[in-house]
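Dear colleague,

I am passing on to you the structure shown below. Please look through it first, and then read the notes that follow.

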Amino acid sequence: MIGPSAETLIRMGAKYTPLIVNQGEWYRLFSPMVLHAGLIHYFLNMAALWFIGKAVEQCHGFAAAAILFIIPAVGGTILSAIFLPEYITVGASGGIFGLIGACIADICINWSLLFSKQVNASDEGVRLRHMKVSRSYLPVDYIFISTSSHSV
Amino acid sequence: MLFDIVVNCLVGLTPFVDNFTHLGGMVYGFLCGLSTIERLSTDFFGMATTLWGRVRNVLIRFSGLIISVVLILITTAVLVNNDDGKSPCPNCRYLSCVPFPPWAGEDDKWWYCDDCSMITADAILDSSGYYSLSMTCPDGAIEQIDLSDQLVTDRQWIQKQLPTFCRKYCDKVFAT
């Protein structure tokens with residue numbers, strides 16, 4: 001993966017349950033979202049974030065994109081800390097999946113617009129095109145994301 | 001898109017990919033998305049919005065945020081109480097890693113999810129070959145394996161067979 005060792009990642013703040021729970025290092029729930037296990041991991045994650053994050057931020061704004069990245073990243077790290085306590089995890093993919101989950105929510109709540117013929121003629125069409133953009137990029141993204149969030 | 005999600009969940013079942021972060025992130029993203037993404041009015045297209053429809057929309061929007069905050073509080077509480085370093089649900093690990101393929105024999109799967117790949121053992125040597133193995137299981141237990149009926153002399157063969165022995169003889173194949 002062309003990257004640092006597991007010990008280095010732990011010292012940098014990777015998720016490792018015994019340190020979080022017993023040593024009280026709660027910042028380890030937040031720091032994994034900006035850490036990566038190596039160059040390949042980093043570039044694949046950043047490519048995915050570039051496509052999905054761009055679509056979501058253009059569509060829904062900076063504040064929404066930030067919420068949709070940070071809360072899922074922390075929540076996913078907590079779940080991982082509970083159920084896989086023996087693994088060391090880093091990676092931004094929890095947040096990237098949060099953005100994907102938001103795309104699904106977008107499609108669900110605007111379902112009635114998705115197949116409407118009048119949409120493209122109107123102002124609202126701009127948003128829908130973004131939605132389509134984010135959807136059309138997804139197959140590419142999944143190849144990227146599938147290799148992300150490695151436990152070391 | 002559903003196809004992509006399914007493919008990605010399957011990839012997540014391999015070892016080294018943490019499916020809990022992925023799926024958890026997606027669920028939280030969906031819940032927060034319900035609240036942060038604004039619903040476009042259908043009035044614009046000439047469809048009437050009923051009172052019930054508006055109440056339902058407000059309910060959905062607030063429930064997304066409330067559920068995700070409550071979920072984070074609950075999972076944090078579980079994490080705080082989980083100070084023995086063990087998962088409260090040991091079999092939940094199969095949500096993140098499943099040995100594959102299921103139809104292959106126990107010895108030639110493509111990947112495994114246990115901690116048997118890095119165990120060690122002491123071989124007790126006799127003049128005619130290795131007679132018995134003293135194997136340290138992933139959880140620290142020590143298993144004695146009798147090899148006297150096979151007359152093994154090849155040290156590398158034993159090294160290669162160690163994970164198989166581990167899966168066969170150890171009670172616990174996980175370190176925690």
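What share of the 176 residues of chain B count as buried? In this predicted model, the share that count as buried is 20%. Chain B holds four helices and three strands, and from the N terminus on its elements follow the order α-α-α-β-β-β-α. Among the contacts in chain B with a separation of 6 or more, 51% are between residues that stand 24 or more positions apart.

Two helices of chain B can be described one by one. Helix α2 of chain B, residues 19–36, has 18 residues and reaches 25 Å from its first C-alpha to its last, which is close to the 26 Å expected at 1.5 Å a residue. α2(B) is mostly covered, since 18 of its 18 residues are buried. Helix α4 of chain B, residues 155–169, has 15 residues and reaches 19 Å between its first and last C-alpha, close to the 21 Å expected at 1.5 Å a residue. In α4(B) there is a kink of about 45° at B:Gln161, shortly before the proline B:Pro163.

B:Leu147 is found in the loop that runs between β3 (142–146) and α4 of chain B. Because 18 other C-beta atoms lie within 10 Å, B:Leu147 is partly exposed. Its C-alpha atom and that of B:Ala123, 24 residues apart along the chain, are separated by 9.8 Å.

Turning to chain A, A:Met33 lies in the loop between α2 (17–22) and α3 (39–60). Is A:Met33 buried or exposed? A:Met33 is buried, because 25 other C-beta atoms lie within 10 Å. Its C-alpha atom is separated by 5.3 Å from that of A:Gly91, although the two are 58 residues apart along the chain. Neighbours within four places in sequence left aside, A:Met33 is in contact with A:Ala73, A:Ala92, A:Gly94 and A:Gly95.

Helix α4 of chain A appears in three helix packings, which I take in turn.

With α3(A), the axes come within 7 Å and cross at roughly 135°, so α3(A) and α4(A) are oblique to each other. The contact is made by A:Gly53, A:Val56, A:Glu57 and A:His60 of α3(A), together with A:Phe62, A:Ala64, A:Ala65 and A:Leu68 of α4(A).

With helix α5 of chain A (residues 93–109), α4(A) packs at an angle of about 120°, the axes being 7 Å apart, and the two are therefore oblique to each other. α4(A) passes α5(A) in a right-handed crossing. Among the residues that make this contact are A:Leu68, A:Phe69, A:Pro72 and A:Ala73 of α4(A), and A:Gly94, A:Gly95, A:Phe97 and A:Gly98 of α5(A).

Across the two chains, helix α4 of chain A (residues 62–83) and helix α3 of chain B (residues 51–81) pack at an angle of about 30°, with their axes 10 Å apart. Because of that angle, α4(A) is roughly parallel to α3(B), and α4(A) passes α3(B) in a left-handed crossing. The residues in contact include A:Ile71, A:Gly75, A:Ile78 and A:Leu79 of α4(A), and B:Ser68, B:Leu71, B:Ile72 and B:Thr75 of α3(B).

With best wishes

Terms used
Residues numbered from 1 in each chain as written. Chains lettered and ligands numbered in written order. Predicted model: local features only at pLDDT ≥ 70, side-chain atom pairs only at ≥ 80, totals over all residues. Buried ≥ 20, exposed ≤ 12 C-beta atoms within 10 Å, placed from the backbone. Contact = placed C-beta atoms within 7 Å. Expected span 1.5 Å × (residues − 1). Bend = angle between axes of the 7 residues up to and from the residue. Axes fitted to C-alpha atoms, helices over the stretch in contact; angles between N-to-C directions. Parallel < 35°, antiparallel > 145°, perpendicular 65-115°, else oblique. Left-handed = near helix turned anticlockwise from the far one by under 90°.
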